[in-house]
Amino acid sequence: MDFIGQLSQQLGVDSNQAQGLAGSLLKLVQGTVKEKMGPEAADQMGQAIPEMQGWQQQAEAQTQPASQPESGGGLMGALGGLGGLLGGQGQASGGGGGGLMGALGGAMGQAGEVAGVVALLQRFNLDAGKASLVAPLLLNFLKSRLDPKLVGGILAVMPMLANLGSGGGNTPGGGGAQGGGGLGGLLGGLIR
């Protein structure tokens, strides 16, 4: 089954909604790739997934222009903003506390990525708990289409793709206590 069919089946949406969601998710990934890995990596992603542009157009047609960016983030968006603030302070201090602040900033940045996925789901009127279903589908799709080096780079800059879906099924903490789940697993458990 293709990516759109999997999204449609797992999330209980029609193929148009699945295409729109796929376009939004891939746009989020591609934007992060461009920002953190460079435009060449983002272009490579666009060339390997030619249907992505059509899916992104489908997403724009489906999302309501009245939705406010801050309306979907809630607590998770605030955590992401806090992570950016902490990360910035950690870099600026340059002292002994920089490592801790940088680690907190990285963890909160990952929370911001999770919040981004949750906000996308909410724009398509999907429950935030579906994020733990979407992440492994998206990761498997990227693995099927992209060079393994590029997938490795994407996972390095967006670890939530691996962590959010690694929760071991229906376990209540998303696998966070068993290792491998990390903050993404913990947040996945919270938003299920």
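The following exercises, each with a worked solution, concern a predicted model of a protein chain.

**Exercise 1. Overall composition**

Determine how many helices and strands the protein chain has, and what share of its residues counts as buried.

*Solution.* Step 1: the secondary structure amounts to ten helices and zero strands. Step 2: reading along the sequence gives the pattern α-α-α-α-α-α-α-α-α-α. Step 3: the chain has 192 residues, of which 42% count as buried. Step 4: for contacts between residues at least 6 apart in sequence, 63% join residues at least 24 apart.

**Exercise 2. The aromatic pairs of Phe141**

Classify the ring pairs that Phe141 forms with Phe3 and with Trp55, and locate each partner in the helices.

*Solution.* Step 1: the count of aromatic pairs in the model comes to three. Step 2: in the pair of Phe3 and Phe141, the ring centres are 4.5 Å apart and the planes are at 15 degrees, a stacked arrangement. Step 3: this pair joins distant parts of the chain, with Phe3 in helix α1 (residues 3-11) and Phe141 in helix α7 (residues 131-145), 138 residues apart. Step 4: Phe3 has a relative accessibility of 4% and Phe141 one of 7%; because buried means under 20%, both residues are buried. Step 5: the rings of Trp55 and Phe141 have centres 5.9 Å apart and planes at 50 degrees, so this pair is tilted. Step 6: the pair again links distant parts of the chain, since Trp55 belongs to helix α4 (residues 52-62) and Phe141 to helix α7, 86 residues apart. Step 7: Trp55 and Phe141 are both buried. Step 8: through these ring pairs, Phe3, Trp55 and Phe141 are linked into a cluster.

**Exercise 3. The two sides of helix α3**

Establish which residues of helix α3 (residues 39-48) are buried, and why they lie on the same side of the helix.

*Solution.* Step 1: Ala41, Ala42 and Met45 are the residues to consider, and they are buried. Step 2: these residues cover an arc of only 100 degrees around the axis, which places them on the same side of α3. Step 3: an α-helix has 3.6 residues a turn, so residues three or four places apart point the same way. Step 4: Glu40 and Gln47, on the other side of α3, are exposed. Step 5: the cover over the buried residues of α3 includes α2, α4, α7 and α8 (148-157).

**Exercise 4. The packing of α2 against α3**

Characterise the relative orientation of α2 and α3, and give the make-up of their contact.

*Solution.* Step 1: the axes of α2 and α3 are 6 Å apart and at an angle of about 150 degrees. Step 2: angles over 145 degrees count as roughly antiparallel, and α2 and α3 are therefore roughly antiparallel to each other. Step 3: α2 contributes Leu26, Val29, Gln30, Val33, Lys34 and Met37 to the contact, while α3 contributes Pro39, Ala41, Ala42, Met45 and Gly46. Step 4: by class, the contact comprises eight nonpolar, two polar and one charged residues.

**Exercise 5. Two hydroxyl-bearing positions in α2**Describe the surroundings of Ser24 and Thr32, and state whether each is buried or exposed.

*Solution.* Step 1: Ser24 is found in helix α2, and Thr32 also has its place there, in residues 15-37. Step 2: Ser24 has a relative accessible area of 9% and is buried. Step 3: Thr32, at 13%, is buried as well. Step 4: leaving aside neighbours within four places in sequence, Ser24 is in contact with Ala59, Leu120 and Phe124. Step 5: with neighbours within four places likewise left aside, Thr32 is in contact with Met37, Val157 and Met158.

Methods
Residues numbered from 1 in each chain as written. Predicted model: local features only at pLDDT ≥ 70, side-chain atom pairs only at ≥ 80, totals over all residues. Heavy atoms only, no water. Helix = DSSP H or I, 4+ residues; strand = E, 2+ residues; numbered from the N terminus. Buried < 20%, exposed > 50% of the residue type's maximum accessible area, 1.4 Å probe, protein only. Contact = heavy atoms within 4.5 Å. Phe/Tyr/Trp six-rings, centres within 6.5 Å; stacked < 30°, edge-to-face > 60°. Arc of directions from axis to C-beta. Axes fitted to C-alpha atoms, helices over the stretch in contact; angles between N-to-C directions. Parallel < 35°, antiparallel > 145°, perpendicular 65-115°, else oblique. Nonpolar A, V, L, I, M, F, W, Y, C, P; charged D, E, K, R; others polar.
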